[in-house]
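Got the viewer open and a cartoon view loaded? Let's take a walk through this one, stop by stop.

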Amino acid sequence: MVSEAKLQIRIIPVTPLQQNCSLIWNDETKNAALVDPGGDAGRLIEALAHFGLTLKRMWLTHGHLDHAGAAAELRERTGVAIEGPHRDDQFWLDRIEDDAKRYGIADLRNVTPDRYFEDGEELEFEGVRFGVSHTPGHTPGHVVIHNAALKIAFVGDVLFAGSIGRTDFPRGDHATLINSITSKLWPLGDDTTFVPGHGPTSTFGRERQSNPFVADRLTGYAGAPLEAADVGEQRTTKRWT
Ligand SMILES: [Zn+2]
Ligand SMILES: [Zn+2]
């Protein structure tokens, strides 16, 4: 067993979509996990070598190309199994190669995970437990991975600093996404730092105050009096990726 304090984390933006792949490792054993190895497999291998790490886990939050596109190549090169996302994202994992052509990104591959995640399951890495929550809305099989002691959550494209994920994809749904955020993310605590799929990190507390889509005054969370949304602010903060 190691304490949570022994875990190191670095964010490595991958693909032209600058997706935040997270590299997590135990400084003592040098064992590593990758969350959302979406592309640039060579760079991720280089990062592992730079820190002297051995890859032991690969976890996917959802099936989009920029989050999952390097997983198949890394499994081939390291023998590490691919875990997640929830099975409802398999249709996205099956079209990564087609989507990559459309985006003009080379070397991404379709993925068949070694196993899917279920809502509420616990993952173990280096003696540290991570929780998994099913958070549909951006994609139907999206999950977030969180650790209560480290107070950190890897939320993929569910929530961003100052915005939320797109819901205009097949099987995306705005109300479902908002419900995932308020029912699965907010209970993890205001002081939880989250790593979103794109852009800077933030905390759930900050987003509950100021996010133009999911501030408490817009969702009514925890009995907050409802106010009208600022449509102009929403229009200029929604990401396309
Ligand atoms: Zn996505
Ligand atoms: Zn993304």
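Here is a tour of the two sheets and the nonpolar core, keeping in mind that this is a predicted model.

**Stop 1: the five-stranded sheet.** Start by colouring strands 1 to 5. They make an open sheet in the order 1-2-3-4-5, and the pairing is mixed. As a reminder, strands of a sheet pair through backbone hydrogen bonds, either parallel or antiparallel. Now pick out residues 7-14, which are strand 1, and 82-83, which are strand 5: these are the edges. Each has a single partner strand, so one side of each is left without a neighbour in the sheet.

Next, add residues 19-26, strand 2. Strands 1 and 2 run antiparallel, and eight bridges join them. To see how they line up, show I12 as sticks and look across to C21 in strand 2, which stands opposite.

While you're here, select residues 41-50. That's helix 1, packed on the sheet. It touches strand 1, strand 2, strand 3 (31-35) and strand 4 (54-59), and its direction makes about 155° with that of strand 1.

**Stop 2: the six-stranded sheet.** Move on to the other open sheet, whose six strands come in the order 6-7-8-9-12-13, again with mixed pairing. Which strands stand at the edges here? Select 122-125 and 202-203: they are strand 6 and strand 13, and each has a single partner strand, so one side of each lacks a neighbour in the sheet.

From strand 6, step across to strand 7, residues 128-134. The two run antiparallel with four bridges between them, and F125 has V128 as its bridge partner. Together they form a hairpin with two residues between the strands. Zoom in on E126 in that turn: its phi is positive, about 55°.

Keep going. Strand 7 is joined to strand 8 by four bridges, antiparallel once more, and V132 pairs with I145 in strand 8. Then select 143-147 and 152-156, strands 8 and 9: three bridges join this antiparallel pair, with N147 partnered by I152.

**Stop 3: the core.** Switch on side chains for the last stop. In soluble globular proteins, nonpolar side chains tend to be buried together. Here the largest nonpolar core has 55 residues, and L34 and V155 have the most contacts inside it. Centre on V155. What does V155 touch, leaving aside residues up to four places away in sequence? Label V144, L185, F194, V195 and P196, and you have the set.

How values were computed:
Residues numbered from 1 in each chain as written. Chains lettered and ligands numbered in written order. Predicted model: local features only at pLDDT ≥ 70, side-chain atom pairs only at ≥ 80, totals over all residues. Pairing = 2+ DSSP bridges. Core = buried A, V, L, I, M, F, W, Y, C linked by C-beta atoms within 7 Å. Buried ≥ 20, exposed ≤ 12 C-beta atoms within 10 Å, placed from the backbone. Contact = placed C-beta atoms within 7 Å. Axes fitted to C-alpha atoms, helices over the stretch in contact; angles between N-to-C directions.
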